[in-house]
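Colleague: I have a few questions about this model, if you have a moment. Could we go through it together?

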Amino acid sequence: MTSAAGIPAPRSAASAERSARALALFQQMAAAAPGSPAHQQARSALIESHLPLARSLAGRFRDRGEPYEDLVQVGTEGLIKAVDRFDPERGVDFASYATPTVIGEIKRHFRDRGWAIRVPRRLQEHRMAVSAATPPLQQELGRSPTVAELAARLGLTEEDVLEALEAADAYSTLSFDAGHGDDDALPALGARLGGLDESLEAVEQRESLRPALERLPERERQIVLLRFYGNRTQSQIGEELGISQMHVSRLLARALASMRGEFADS
Amino acid sequence: MGGSVGSVSADVTLRFPAQPAYVVLARTAVAALAARADRTLDEVEDLRLAAGEACALLIAMAGPDAELECVFTVDEPGAGGALSMRFSVEAEPGAAEPPADDFAWLVLRELAGEVAVRRDGRRVALALGAQRETV
């Protein structure tokens, strides 16, 4: 709450402590050379300690037709941008600074999809249902389900399921027009992905490819490496990164298009 | 299967201007056919991407006013059915296809199984044959 004069109301002790901890980490980050272990450590700690913020902001956009985990991922990208752009000298609280960036990133995600204006409610519901039913069905089957299997599970027609998948695809095509941010490496995540190092070595052999890969946002680069050098399926990648397979597919399409230079990076 | 639209076996041919705006047609067609050939979602999405990539490669080589032709074939409908795709375009004189060790080829092989390029005069064709996951 803000008073009429615009003076912030006193914060709770817990929030003041959180804010002081964040400030200390930003100072540590500013003091260390970019790319140094101390810098990366502070940056990762900042990102991780603010993940609850990204999650709670993503929660505001629940039930609007996009899987929650995808919104959390998009919100986290916003959070990373905020961490990289924040200037502790300005005396602003980081959480207040980051909130509009995270929300902006989530809104852009919806805008890129053309979601709100283009997609009938029924289709949104089907898409949510398909994305919610896919992981458990995959668990049971030990492989990715077919459209027929999903339809049977959900009591929908195959046509409905296909429509839901195609709706998802329409947005990935639209989103080719949207530029995307330049996230730096996120070591905490990279370390979780076994086999990526060997994949990167394979890429080292291909000089022509590396600049194109390096221009990709971190998450897209990871997905490209995992799919094409790490021999993972789209749903395995989704599981590893905690996002839906549909979102993996969209990010892959976007990454391949930007590697071809189909749109200028903004 | 209740509500099933049935399997598909005929060849499906699609022809459109060799421009990026139309590629979504090929992506949509292949997804619909793959789903009806009982492919898993992973395969459907991979094939959709493969179609987009193949079209993009050919569009980059296409001459002005060229049309891109896509032929989709479900070889053995039903379980075990293999979906193959053939994309072709009239190439600009002197346009070369990317070298075989190019990333584009790796992507197509990963997504769609086998990849073959054929050149017939100025017409360049990309044939993709998909191996299926065991269902």
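Modeller: Gladly! Please keep in mind that this is a predicted model. A good place to begin is the search for salt bridges over all chains, which finds 18 in the whole structure.

Colleague: Which residue does A:E105 meet in a salt bridge?

Modeller: A:E105 sits in helix α5 (residues 94-113) of chain A, and its partner is in helix α4 (residues 68-85) of chain A. The two residues are 24 apart, so to speak a link between distant parts of the chain. With N to O at 3.2 Å, the side chain that A:E105 meets is that of A:K81.

Colleague: Let's move to the interface. How many salt bridges are counted between chain A and chain B?

Modeller: The contact takes 35 residues from chain A and 32 residues from chain B. About 3000 Å² is buried between the two chains, with carbon and sulfur atoms giving 56% of that area. One of the salt bridges joins B:E110 to A:R227, with the closest N and O atoms 3.0 Å apart. The count between chain A and chain B is three.

Colleague: And which element gives the largest share of the side of chain A that touches chain B?

Modeller: Across this interface, ten residue pairs are in polar contact. On the chain A side, α8 (147-154), α9 (158-174), α13 (218-228), α14 (234-241) and α15 (245-259) each supply at least two residues. By class, that side has 14 nonpolar, twelve polar and nine charged residues. The largest share, eight residues, comes from α9(A).

Colleague: Now for the sheet in chain B. Why is one side of β1 and of β4 left without a neighbour?

Modeller: The sheet is open and has five strands with antiparallel pairing, in the order β1-β2-β3-β5-β4. In that order β1 (12-17) and β4 (114-120) of chain B stand at the edges, so each has a single partner strand. Neighbouring strands are turned by 15 degrees against each other on average, direction ignored. The reason for the free sides, then, is that β1(B) and β4(B) are at the edges.

Colleague: Which helix packs on the sheet by touching β3, β4 and β5 of chain B?

Modeller: Two helices are worth checking here. Helix α1 (residues 23-36) of chain B touches β1, β2 and β3 (83-90), and its direction makes about 165 degrees with that of β1(B). The other helix runs over residues 103-112 and makes about 40 degrees with the direction of β5(B); this is helix α3 of chain B.

Colleague: Which residue of β5(B) is the bridge partner of B:A116?

Modeller: β4(B) pairs with strand β5 (residues 123-129) of chain B in the antiparallel sense, over seven bridges. β5(B) is also joined to β3(B) by seven bridges, again antiparallel, and there B:F87 stands opposite B:L126. For B:A116, the bridge partner in β5(B) is B:A127.

Colleague: One last residue: with which side chain does B:T73 make a polar contact of 3.1 Å?

Modeller: B:T73 lies in strand β2 (residues 67-74) of chain B, which pairs with β3(B) in the antiparallel sense over seven bridges. In that pairing B:V74 stands opposite B:L83. Leaving out residues up to four places away in sequence, B:T73 touches B:A82, B:L83 and B:S84, along with B:D11. The side chain that B:T73 joins in the polar contact of 3.1 Å is that of B:D11.

Methods
Residues are numbered from 1 along each chain as its sequence is written. Chains are lettered from A and ligands numbered from 1 in the order in which they are written. This is a predicted model: local features need pLDDT of at least 70, side-chain atom pairs count only at pLDDT 80 or more; totals for chains, interfaces and linings use all residues. Side-chain values use heavy atoms; hydrogens and water are left out. Helices (H or I, at least four residues) and strands (E, at least two) are DSSP runs, numbered from the N terminus. A polar contact is a pair of N or O atoms within 3.5 Å; within protein, one must be able to donate a hydrogen and the other to accept it, and residues adjacent in sequence count only if both atoms are side-chain atoms. Contact means heavy atoms within 4.5 Å. Buried area is the accessible area (1.4 Å probe) that two parts lose on being put together, summed over both. A salt bridge is a side-chain nitrogen of Lys or Arg within 4 Å of a carboxyl oxygen of Asp or Glu. Ala, Val, Leu, Ile, Met, Phe, Trp, Tyr, Cys and Pro count as nonpolar, Asp, Glu, Lys and Arg as charged, and the others, Gly among them, as polar. Two strands pair if DSSP finds at least two bridges between them. Axes are lines fitted to C-alpha atoms, for helices over the stretch in contact, and angles run from 0 to 180 degrees between N-to-C directions.
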